[in-house]
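Student: Could we go through this model together, one question at a time? I'd like to see how each answer is reached.

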Amino acid sequence: MTLSVDIRKKLGKFTLDVRFETAGGILALLGASGSGKSMTLKCIAGIETPDEGRIELDGLTLFDSEKRVNLPTRERKVGYLFQHYALFPNMTALENVMAAVSGSKAEKRRIAEERLKSMYLLDSKDKYPAQISGGQQQRVALARMLVREPNIIMLDEPLSALDSYLKWQLEMELVDIFRGFDKPVVYVTHNRNEVYRVSDDVCVLENGASEPVVSTHELFLAPRTLAAALISGCKNFSRARRTGPRSVFAVDWGVELVTEAPVPGDVQYLGVRSHAIKAVGAELNRAGKPADAASGDPGNRGAANAPLPATNVLSCRVGKVVREMFSVIAMVRPEESEPASDFARIRVKMINDKWAALGEPVPPGRIHIRIDPAEILLLK
Amino acid sequence: MVFSPILLSIEVAVCATSVSFVLGLFIAKQVVKLRRLKSLVDGILTLPLVLPPTVVGFFLLLTFGRNGLLGDMLAAMDVSVVFTLAGAIIAATVVSFPLMYRSARGAFEQFDRDLIYAGRTIGMSETKIFWRVIMPGCKPGIISGLVLTFARALGEFGATIMLAGNIPGKTQTMSLAIYSAVASGNREKAYMWVAIIMLISFTCMFLMNIFAARTRKSVKAGAAAGSIIKDEKSLPEGTAIL
């Protein structure tokens, strides 16, 4: 079972240009709102027609602009779970599922009831969508979708309209269903945590253009582009220039950083997640920044009494301080940074106690931060 | 004979409402699908609602009268519209049609497209989607349009008197009978027709409100449960598919 998509569609100023392939498992389409995720699903389902390109599912051509193939939606055998489930409000749960079955009325009823039973919905079969809970609505919509035995399941932000409590429960139910489905699942979302928990592979969409499909692991632990790193939740970036096999100059921060990974020649940016940045004390002044890079062993990090690690220490001025319930987020600016640079702000997050130990510096107080060499993302 | 205006009025209103209902639904469905010239077509179809009824009647007379575009054709088939009941029905239909058309169009346009798409992905035919998904969902809007259409057709005066005249027992509906009664100084008769018209109109509105409240309740409950909430990223105008 393979889904391959290669389509282009122009909509006013917005251009959709999406290319990806999936051979089963759960593929997440991740992107901000307006990035073309839903439009892509609608093109696969045949609700929208691309201007050009091809869509193939399991050897069957659903759409091909050159061969002038454009199968109508109802012949595509796609399962589509809409954002708000799109259950027919004037039909009961059973009637909703029956609408997706063909055959004699008795046969429809038997098949639909069987499906509802397998999803623990038999008790609510005669209730209208408005009379059942959000979780039950989702299950009815899934039952209606699965009863047609589709060749693919597509979900359009299925959890975005729910409150967080229900979300967890439904997400787990969804994953259970996906695992029992041996055909491709395409899952559209703007929530990277959901992607991390749910999907096997990810295709990032930005302004209508798709990036190459990568495994979820790769996206979050080793993103390769600035856009991918941004969408994976990384918040601190600098333009970067290679200075050695394992060292890189952070242009916006005005400092050379040592990395654990070898630096590719065409590196353009570097990114560091907030959790990889540790404050190392306000008292250390720049003159005291020792030069022996050998002691920059990552094993030292976090040890309170250990000598300060020497490498990758930046002296910064505190900008804005945001207090949360158990932690403090400080926006700091490296002293060597380019003043006009947007990238020059670094976000440091620490627990309240640590902030207190630093003497709660107020802007523009000075603190030192250390960037873990193992956690520097080298990006294109 | 005395009560013929009641029968004529009801006959005219029922016929006009039936024609407006079928045409209104059909045309509204087509207009929603239009990509270009939508506002122009919409404007033309709404015109009879905003023009003075006498102007509508005048145009009808030009069209159906002697030397008129349709008048000659109908005359060749030995059918006459002017000063007949058919004329009264045509006048009432033309004047009341925009109410049905606009109500139906509004209901179709507000209808959640995802329900239609969902119907297609689960393999329902377009006919089935229309009758089993769209129509039930648009019922409140369509019913209120239907009642307004009926009320307007029942009370039609200006266009009717232009096209069908005011012939007692033939084309004199209740509205025309009131006019004649007042014109001839017969106040009692006028009061009687006014009372009857008010009774019929009020009953209609009352029934509609009961019905609309019942339907709206179930639709609202559905919306509250999150099935009719519109997507903020909904499609641009041109992509309307209904």
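Student: How many helices and strands does chain A have?
Tutor: Keep in mind that this is a predicted model. Chain A has 380 residues, of which 42% count as buried. Its secondary structure comes to 9 helices and 22 strands.

Student: What does the C-alpha trace of chain A span along its principal axes?
Tutor: Start with the domain assignment, which gives domain 1 (3-223) and domain 2 (237-379) in chain A. The C-alpha centres of these two domains lie 42 Å apart. Along the principal axes, the trace of chain A spans about 85 × 50 × 35 Å.

Student: And among contacts in chain A between residues at least 6 apart in sequence, what share joins residues at least 24 apart?
Tutor: Here you leave out pairs under 6 apart and ask what part of the rest reaches at least 24 places along the chain. That share is 64%.

Student: Which helix gives the largest share of the largest nonpolar core?
Tutor: That core holds 156 residues, and those touching the most other members include A:Val97, A:Leu270 and B:Leu60. The largest share, 14 residues, comes from residues 85-110 of chain B, that is, helix α5.

Student: Which domains of chain A does this core draw at least three residues from?
Tutor: A:Met154 and A:Ile369 are also among the residues that touch the most other members. By number, A:Met154 falls in the 3-223 range and A:Ile369 in the 237-379 range. The core draws at least three residues from each of domain 1 and domain 2.

Student: Which residues does A:Val97 touch, leaving out those up to four places away in sequence?
Tutor: A:Val97 is one of the core residues with the most contacts to other members. With the sequence neighbours left out, its contacts are A:Ala112, A:Arg115, A:Leu116, A:Val140, A:Ala143, A:Arg144 and A:Val147.

Student: Now the sheets. In the open sheet β17-β21-β18-β19-β20 of chain A, which strands stand at the edges?
Tutor: The 5 strands pair antiparallel in that order, and the twist averages 45° from one strand to the next. An edge strand has a single partner, so one side of it is left without a neighbour in the sheet. Here those strands are β17 (277-279) and β20 (346-351).

Student: What stands opposite A:Arg317 in β19(A)?
Tutor: Strand β18 (residues 313-323) and strand β19 (residues 327-334) of chain A pair in the antiparallel sense over 6 bridges. A:Arg317 lies in the β18 range. Across from it in β19(A) is A:Arg333.

Student: Which strands are at the edges of the sheet β15-β14-β13-β16-β22 in chain A?
Tutor: This is also an open sheet of 5 strands with antiparallel pairing. Its neighbouring strands are turned by 40° against each other on average, direction ignored. The ones with a single partner, and so with one side lacking a neighbour, are β15 (255-258) and β22 (376-379).

Student: Which residue of β16(A) is the bridge partner of A:Asn236?
Tutor: 4 bridges join strand β13 (residues 236-244) to strand β16 (residues 269-272) in chain A, and the two run antiparallel. Within this pair, A:Arg239 stands opposite A:Tyr269. For A:Asn236, the partner is A:Val272.

Student: Last one: what stands opposite A:Leu270 in β22(A)?
Tutor: A:Leu270 and A:Val272 point one way from β16(A), A:Tyr269 and A:Gly271 the other, and all are buried. On the β22(A) side, 4 bridges join the two antiparallel strands. Opposite A:Leu270 is A:Leu378.

Notes:
Residues numbered from 1 in each chain as written. Chains lettered and ligands numbered in written order. Predicted model: local features only at pLDDT ≥ 70, side-chain atom pairs only at ≥ 80, totals over all residues. Core = buried A, V, L, I, M, F, W, Y, C linked by C-beta atoms within 7 Å. Buried ≥ 20, exposed ≤ 12 C-beta atoms within 10 Å, placed from the backbone. Domains from an automatic or database assignment. Contact = placed C-beta atoms within 7 Å. Pairing = 2+ DSSP bridges. Axes fitted to C-alpha atoms, helices over the stretch in contact; angles between N-to-C directions.
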